[in-house]
Every structure is written in C-alpha cells, then in structure tokens.
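This report is written for a reader meeting the structure for the first time. It proceeds from strands and helices to the domains and the ligand.

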Amino acid sequence: MLFLNKSEIQKLDQNIIQTSVKKAYEIASSKDYNMPDRMHLSDGLNSLLLMPCFSGQYFATKLVSVFPEAVKHGQPSVNGVLVLSDNISGKPLAVMDGAAITAQRTGAVGGLAVKLLSPEKVRAAGVLGAGVQGFSQARYLMFNRRIETLYLYDLNPQMVENMIGKLKQEFYGVEYVISRTAEELVEKSRVIIAATTSHSPLFKAKPESLKRKTFISIGSYRPDMQEFPDVVIESADDVFVDTVFAIEESGDIVIPLKKRVAIREKIKEFSILLEKNTYDDNKTIFFKSVGMGLFDLTVSSAIYEIALKKKIGHLIDF
Ligand SMILES: NC(=O)c1ccc[n+]([C@@H]2O[C@H](COP(=O)([O-])OP(=O)(O)OC[C@H]3O[C@@H](n4cnc5c(N)ncnc54)[C@H](O)[C@@H]3O)[C@@H](O)[C@H]2O)c1
C-alpha cells in the first residue's frame, strides 16, 4: 500500500492534475462511472462528506470533514483521507491526504473554468478568500492565464499576507494587490474567483458593473450558503455547474432559483464545453463548483501511477 502525504501531493505537476480533471468531465459525459449523490452529514455548522466513486480500473473513497470554525483552533477547515482501490480485486492500493487531493483537484476545476470561460488576454483577476482553496485557485488561475495584477481580499488580512508570501515564491513578476473591499476587487478584476466559507454574499453590485466578467464560485456548498449576490447569476449570459448536484446543494444556485431571479433552463453542465466551447469575450459567465467524487478518482489514480513510476511516497505493509 502506498502512502502519500500533503507535501508529496502539493509538489505534483499542475498539468497532470488539470488533465485528470478534464478526464473526469469526459467520463461524466460518457456516463461510464458509478457514483451516488454525495453523502452529507451535518452537525451544526460542521459537515462530514463521504464521496465514493467507481470507474475503470479503480475506485476511490474520500472522507472529508468541513469545520468552518477550525481556523480558531489553528486547523484548516477541510481535513480528510482518500483511499484508492483496485476495481477488480477490491484491494486498497493507496492512502492519500484527502485535503491535499481536494485542494489540488478543486484548484484545477477552477483552472479549467478559467481556461474555457475567460479571455486569453485577461491580465487582471481577483480571488476572494485566502484560505487553502483560495491559494490553490490563485495557483491554477496563474497556471492558465498570464496575470499581471492579482487582487486579493479576505476578512482576515493576515491570511492575504501569508498567501502573497507563498504565491511570490512561485509566480514572480505579478503585482499582488490587497483590496480594501470585495466590491473594489470585483470592480478591478475581469475574472473573479470566490473560495470562502461565507454564508452570505460577499459584495453588492449593479448589473452594468458585472458585464463581460467571469465569476467562479468554489465555496457555498450548502443551500443556506451564498458567495455571490443574486445579480451575478441574473446578469450572466451563461451559467455552468461542475455537476448537477450543485443545483440542489449550493445556495449560489438554490436561492436565486427560489426567488425566480434565475431559471433552471439557463444552467448547463460544464462538460458540454469540452465538445463545443460556446464562450466568447462578450459574455458574462457564472460557474459554480461543488465538486464530485469523480474528480477525486481521476486525480488520485493519476497521482498513484506517477508516484509508483517516480518512486514518490512510502510503501507500507497493510
Ligand atoms: N467546490 C469544491 O469542490 C470545494 C472543495 C473544497 C472546499 N470547498 C469550499 O471552499 C470554501 C473554502 O475552503 P477552504 O478550505 O479554503 O477554507 P479556509 O477556512 O482555509 O479559508 C476560508 C477563507 O475564507 C475567508 N472568509 C470567510 N468569510 C469571508 C467573507 N465574508 N469575506 C472574505 N473572506 C471570508 C476566511 O477568512 C478564510 O481565510 C469552503 O466553503 C469549502 O467547503 C469547495
């Protein structure tokens, strides 16, 4: 059994991770997988998610907890483990840090959305939220686009300082700007990614100010959580979700649908863009991700195969 820890997973090639996320969307289109609705157990503000998925040679089971207040105890809000198993014998093959897999694959989900749903020449972008996912979103944003100015905003300014420190080690020549408010960040950015634990919209805006921008929502994983105000989905020419579960799970979709400021027919699955990309630079776009076990499966199996080849990780007797 192979054991892969956080730092081994963090060092892996972004291209391999993003290609694996693309593969997950292709499998989703072909329906060649077996994945239940994600099992979600809430305990007050905290949640436990069980995310199993079978496809091809492997099956993966990810068990992750989301404790939004964990930061008060010096812990990241997402923790977990992933077990990758052989789909013929059922034998467990690898145990991986589930939070690191989540950060990598969610970064790549955002990255692929940036690649297919934003102008190639975008130079100014913003990330709301400077936690684990915010950092990963910024890394994959800059992997896909030559960003010159990156605007950052978080309720906790120290988180932004820390994130800039880490980004500077990898992406130099970028101007990092700490926005005073989320409104200011949205105004100055062409692409806006939100990766916060917020329960209510992060900013207010008039429809005219949102035109031709691309909005990517990574947080808001419960029907009572919203990162973007209704006006974003209302103004969007196209709305995409990584999985149809997002339509029931995320307040960014559930709330505007309930208020009838958005219509169900406008919401499409992201995977259709792989067959025909309908994006053009004049469109206003909203993309909502809640994640799915299929991403974890394709990413962890690619990581497993590379790790074996490059002798990364620790082989342990099980
Ligand atoms: N879409 C997916 O597949 C996926 C995967 C993993 C995590 N998530 C979600 O992404 C979100 C972020 O996760 P994380 O691991 O980065 O959490 P984290 O605790 O590491 O970071 C969250 C950050 O958001 C900031 N924040 C909270 N409310 C804010 C507000 N109103 N304005 C500005 N900043 C605010 C916090 O200060 C913190 O720095 C969570 O909701 C998590 O469930 C989504």
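## A right-handed β-α-β unit

Strand E7, helix H4 and strand E8 form a β-α-β unit, and its hand is right. The model in which this unit appears is a predicted one. E7 covers residues 124-128 and runs parallel to E8, with 5 bridges joining the two strands. One of the pairings places Ala-124 opposite Thr-149 of E8 as its bridge partner.

## Strand E8 and its second neighbour

E8 also pairs with strand E9 (residues 175-178), again in the parallel sense, over 4 bridges. Leu-150 has Tyr-176 as its bridge partner in E9. Between E8 and E9 the chain passes through helix H5 (residues 157-170), and this β-α-β crossover is right-handed.

Is E8 largely enclosed or not, and why? Of the 5 residues of this strand (residues 149-153), 4 are buried, so E8 is largely enclosed by the rest of the structure. A residue is counted as buried here if 20 or more other C-beta atoms lie within 10 Å of its own.

## Two domains and their contact

The domain assignment of the protein gives two parts: domain 1 comprises 2-102 + 293-315, and domain 2 comprises 117-288. Taken over C-alpha atoms, the centres of domain 1 and domain 2 are separated by 23 Å. Domain 1 brings 13 residues to the contact, while domain 2 brings 9 residues.

On the side of domain 1 that touches domain 2, helix H2 (residues 14-30) provides the largest share, namely 7 residues. By class, this side of domain 1 consists of 5 nonpolar, 4 polar and 4 charged residues.

## The shell around the ligand

Where does the ligand shell lie with respect to domain 1 and domain 2? Both domain 1 and domain 2 give residues to the shell around the ligand, so it lies between them. There are 29 residues around the ligand, and those that come nearest are Ser-77, Gly-131, Gln-133, Gly-219 and Gly-291.

Helix H3 (98-117) and helix H4 (132-144) each contribute at least two residues to this shell. H4 gives the most, with 3 residues; H4 is also the helix of the β-α-β unit formed with E7 and E8. By class, the residues of the shell divide into 14 nonpolar, 14 polar and 1 charged.

Note on methods:
Residues numbered from 1 in each chain as written. Predicted model: local features only at pLDDT ≥ 70, side-chain atom pairs only at ≥ 80, totals over all residues. Domains from an automatic or database assignment. Contact = placed C-beta atoms within 7 Å. Nonpolar A, V, L, I, M, F, W, Y, C, P; charged D, E, K, R; others polar. Near = placed C-beta within 6 Å. Buried ≥ 20, exposed ≤ 12 C-beta atoms within 10 Å, placed from the backbone. Pairing = 2+ DSSP bridges. Right-handed = clockwise from strand over helix to strand, strands pointing away.
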